[in-house]
Amino acid sequence: MPPSVTEPSGAGNGLIDHHAVLAKLAWAAVSHPGEVRPHNEDFAAVFAPTTPDDSWDRGPLFVVADGMGGHAAGEVASRLATETLLASWTTVSPAAPAVALRNGVRAANTAVCDAGTETGRRGMGTTLCALTLAGNEAIVANVGDSRAYRVRSDECVQLTADHSRVADMLRMRMITPEQAVNHPARSMLTRSLGAELLVQVDVVKESIRKGDVLVLCSDGLWDVIARTDIAEAVNAIGTPAVPTPREAARSLVDTALKRGTADNVTAVVVRITSDRPIPAAGGRRLFFRRPKA
């Protein structure tokens, strides 16, 4: 299911605001160009049919990409990568979710590399963070510094590792978290789609249960919003003020804008509303196993 996209003049990928409430999950995708940059180089899209999930032959897929490469090129890269991954996910014969996800991201990388040879698009690239649900697991693929979080009760855990110079220095304890905030290399990526023909894709798996919320976002959001703020925003889902993930996603994006983010802002919020496997058809497939008791 493609996102609702409006494309005001000069806004690149435009404003994205789409959502759905399904039997076992509810989700929303919101993207905004921001108040500083004239173009939205972020893109977000979702595959999650509204038909009962016992007819699905693969899990839902949620994708966030943050393009780079200047005017036009960045927005092309993020949209091309996302749409290529979705096409791979929905048309290639079903495979083990982690394998299908990694293969789809690699196909997206090839598409961006090929398009990057065209005049005016040389050097373009994009981050990409994608989430699927397989049985009682969340599976996340990541290249770059767009992030995935899992919120459970008041705990917000980052599931992905940033592929950036600053993140590497933090992991090696060369700098402190406080120094990282304003470090001159904080925007330098060590891995992205479109940079090389061969790309290393991180894939992580985490258990999920009813009440968990998964959040995908670009750095325009996580750069100005702490994990505690993310947890507070999504834990309000189900209240009169925030009845669905759509209001939570909008709240996160609005908060980033109010705090003066200098980038495009994108948030995808997925709330698990059932303890049963997603999709139900997965219970009958070898690659969607129920966890052992």
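The following questions and answers concern the fold, cores and salt bridges of the predicted model shown above.

User: On what basis are residues and features reported for this model?

Analyst: Residues are numbered from 1 along each chain as its sequence is written, and side-chain values use heavy atoms, with hydrogens and water left out. In this predicted model, totals for chains, interfaces and linings use all residues, side-chain atom pairs count only at pLDDT 80 or more, and local features need pLDDT of at least 70.

User: How many helices and strands does the protein have?

Analyst: Helices (H or I, at least four residues) and strands (E, at least two) are DSSP runs, numbered from the N terminus. On that basis the protein has seven helices and 13 strands.

User: What percentage of the 293 residues is buried?

Analyst: Residues are classed by relative accessible area: buried means under 20%, exposed over 50%, and partly exposed in between (1.4 Å probe, protein chains only). Of the 293 residues in the protein, the buried share is 54%.

User: Which element supplies the largest share of the largest nonpolar core?

Analyst: A nonpolar core is a set of buried Ala, Val, Leu, Ile, Met, Phe, Trp, Tyr and Cys residues joined through side-chain atoms within 4.5 Å. The largest one has 29 residues, and L61, L85, L101, V105, L128 and L193 have the most contacts inside it. At least two residues of this core come from each of strand 4 (42-47), strand 5 (61-68), helix 1 (73-91), helix 2 (97-115), strand 7 (128-134) and strand 8 (137-143). The largest share, seven residues, is that of helix 2.

User: Which residues does L128 touch, and how many residues does the other core have?

Analyst: Contact means heavy atoms within 4.5 Å. Leaving aside residues up to four places away in sequence, L128 touches V63, V64, A65, A81, T82, L85, V105, A141, N142, V143 and L193. Apart from this core lies another, with V151, A231, A248 and A267 among its members, and its size is 26 residues.

User: Why do the buried residues of helix 6 line one face, and which exposed residues lie on the face turned away?

Analyst: In helix 6 (residues 227-235), the residues I230, A231, A233 and V234 are buried. Seen down the helix axis, the buried residues fall within an arc of 165° (taken from the directions from the axis to the C-beta atoms), so they line one face of helix 6. They pack against strand 9 (147-152), strand 10 (155-158), strand 12 (213-217), helix 5 (219-222), helix 7 (245-258) and strand 13 (265-272). The face turned away from the buried side carries the exposed residues T228 and E232.

User: Is R58, which meets D57 in a salt bridge, buried or exposed?

Analyst: A salt bridge is a side-chain nitrogen of Lys or Arg within 4 Å of a carboxyl oxygen of Asp or Glu. The side chains of R58 and D57 meet in one at 2.8 Å, N to O. D57 counts as partly exposed because its relative accessibility is 33%. At 10% relative accessibility, R58 counts as buried.

User: Where do E83 and R79 lie?

Analyst: The side chains of E83 and R79 meet in a salt bridge at 3.2 Å, N to O. E83 is partly exposed at 40% relative accessibility, and R79 is partly exposed at 23%. The two residues are four apart, about one turn of the helix, and both lie in helix 1.

User: With which residue does E118 form a salt bridge, and which residues are joined into one network?

Analyst: The closest N and O atoms of E118 and its partner R121 are 3.1 Å apart. Salt bridges that share partners form one network of D17, R246 and R250.
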